[in-house]
Amino acid sequence: MLACLFCLSACDGNGGSHGKHEPEPDPGLQGCADTASCPSNPPLSIGTDRPAQVQIPSNYDPNTRYPLMIALHGYGIDGAIAATYFGLDVRVDDKQLILVKPDGTANRDGTRFWNATPACCAKVAAAEDASGEDYTQIDDVAYIRSLIEEAAANYSIDTSRITLFGHSNGGFLTLRMVCEASDYVTAVISIAGSTFADASDCAPASTPVSVLLLHGTNDGTISYYGDEILGEAFPPAQETAARFADIAGCNTGSPTELDSVDVVSNIDGLETSVLDYPDCATGVSVQLWTIADGPHIPFPWAPGATDRFIDWLLERPHPQ
């Protein structure tokens, strides 16, 4: 184990000695890789009450540390569909990563959702099934944290590269994890997601997280310009980006326009502008990618777009 105990000692007047033990430093997330005890044939499902499917490389080696990526689906679908939509499931071998595909809670109509913020989407799920259930008590942050811990216990994980990739409702939860689980999460991508209406509701831990926001200006479900759902507001994409840039210690006063990129193939040209916030904490990036005229579900992805997303995440580890 990486944890170590520091001890200070001093001699007393009679030649004896006494020791003073200082608090043991927090070792961070620990797992089987830290004790060389990872099984060579690990389970492909984790989570007790809500199992999540797991993909590992076909040449998985318990002596190699792999980045962990978690796909967070949008409202009404599931983790497997989200992983396919993002293009992650077919890149597990090529990118040498471990992919977790969790499912949100199903309401009484069977619609899966995440309790991410007041706007999205526990209240929507309750309104649609007319059950009167209070889904706002579901703790999905704790659920995803538990999956990360269980993944570390079963697979050889590189804990400096624990990433989230979420869309819509999953994008909201992705950004909430930045607020409440930055001790675990290292880099995230939120597609068509947003955050709390009140910035003070996001109380991040001390470790900065790299954040890429991807949002289309023609999104009719989660507006790029901010809106509300069942009376619960969410901020515009630019405000959301600036908030997370501020959390990461970036210079929010002078974001830089980088070269535009091609993200979706059914919009001509380099349709996506890239706004980069400079002077962030060491090794951390915060960017807003704006898809001109982009819809809520951008697709099909342009050639190379998914690889660009994955590389962006994996190239921004937590400092060790």
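This section describes the sheet, the helices packed on it, the nonpolar cores, the cavity and two proline positions in a predicted model.

The model contains an open sheet of ten strands, arranged in the order β3-β4-β6-β5-β9-β10-β11-β16-β15-β14, with mixed pairing. The edges are occupied by β3 (45–46) and β14 (256–261); each has a single partner strand, so one side of each is left without a neighbour in the sheet. Strands of a sheet pair through backbone hydrogen bonds, in either a parallel or an antiparallel sense. Both senses are found here, as the mixed pairing indicates.

Parallel pairing is seen between β5 (residues 66–72) and β6 (residues 98–101), which are joined over three bridges. Within this pair, I70 stands opposite V100 of β6. Strands β9 and β10 are also parallel, with five bridges between them. Here H167 has I191 of β10 as its bridge partner.

Antiparallel pairing involves β15 (residues 272–276), a mostly covered strand in which four of the five residues are buried. Strand β15 pairs with β14 over four bridges in the antiparallel sense, and V261 has T272 of β15 as its bridge partner. Strand β15 also pairs with β16, again in the antiparallel sense, over five bridges. In that pair, S273 is matched with T290 of β16.

Strand β10 was examined for burial. In a regular strand the side chains alternate between the two faces of the sheet. In β10 both faces are covered, with A187, I189 and I191 buried on one side and V188 and S190 buried on the other. Because five of the five residues of β10 are buried, the strand is largely enclosed by the rest of the structure.

Several helices are placed against these strands. Helix α4 (residues 140–154) lies across β3, β4 (52–55), β5, β6 and β9 (157–167), and runs at about 150° to β5. Helix α5 (residues 169–180) lies across β5, β9, β10 (187–191) and β11 (210–216), at about 140° to β9. In helix α6, the buried residues are A237, T240, A241, R243, F244 and A245. The buried residues of α6 pack against α5, β11 and β16 (286–291). Helix α6 is followed by G249, which has a positive phi near 80°.

The largest nonpolar core has 61 residues, of which L68, I144, I148, M177 and V211 touch the most other members. Helix α4 provides the largest share of this core, with seven residues. Another core, of 31 residues, lies apart from it and has I189, L214, I310 and L313 among its members. Leaving out residues up to four places away in sequence, M177 touches V141, I144, R145, I148, L164, S182 and V185.

Empty space inside the model was examined next. Rolling a probe the size of a water molecule over the atoms shows where empty space is left. The structure holds one cavity of 30 Å³ or more. About 30 Å³ of space lies in the largest cavity, whose lining consists of S190, G193, L213, L214, H215, A237 and T240. Both β11 and α6 (237–247) supply at least two residues of this lining. The largest contribution comes from β11, with three residues. Among the lining residues, S190 is also one of the buried residues of β10. Similarly, A237 and T240 line the cavity and are among the buried residues of α6.

Two proline positions outside the helices and strands were also considered. Residue P43 is located in the loop between β2 (17–21) and β3. With a relative accessibility of 34%, P43 counts as partly exposed. Apart from neighbours within four places in sequence, P43 is in contact with N154 and Y155. The C-alpha atoms of P43 and V54 are separated by 8.1 Å, and the two residues are eleven residues apart along the chain.

Residue P317 lies in the segment after α7 (305–314). With a relative accessibility of 33%, P317 likewise counts as partly exposed. Its contacts, leaving aside neighbours within four places in sequence, are with S160, R161 and G283. P317 and T306 are eleven residues apart in sequence, and their C-alpha atoms are 18 Å apart in space.

Conventions. Residues numbered from 1 in each chain as written. Predicted model: local features only at pLDDT ≥ 70, side-chain atom pairs only at ≥ 80, totals over all residues. Heavy atoms only, no water. Pairing = 2+ DSSP bridges. Contact = heavy atoms within 4.5 Å. Axes fitted to C-alpha atoms, helices over the stretch in contact; angles between N-to-C directions. Core = buried A, V, L, I, M, F, W, Y, C linked by side-chain atoms within 4.5 Å. Buried < 20%, exposed > 50% of the residue type's maximum accessible area, 1.4 Å probe, protein only. 1 Å grid on protein atoms, 1.4 Å probe; cavity = no way out; pocket = protein on both sides within 12 Å on 5 of 7 lines; lining within 4 Å. Points joined across faces, edges and corners; volume = space filled by probe spheres on them.
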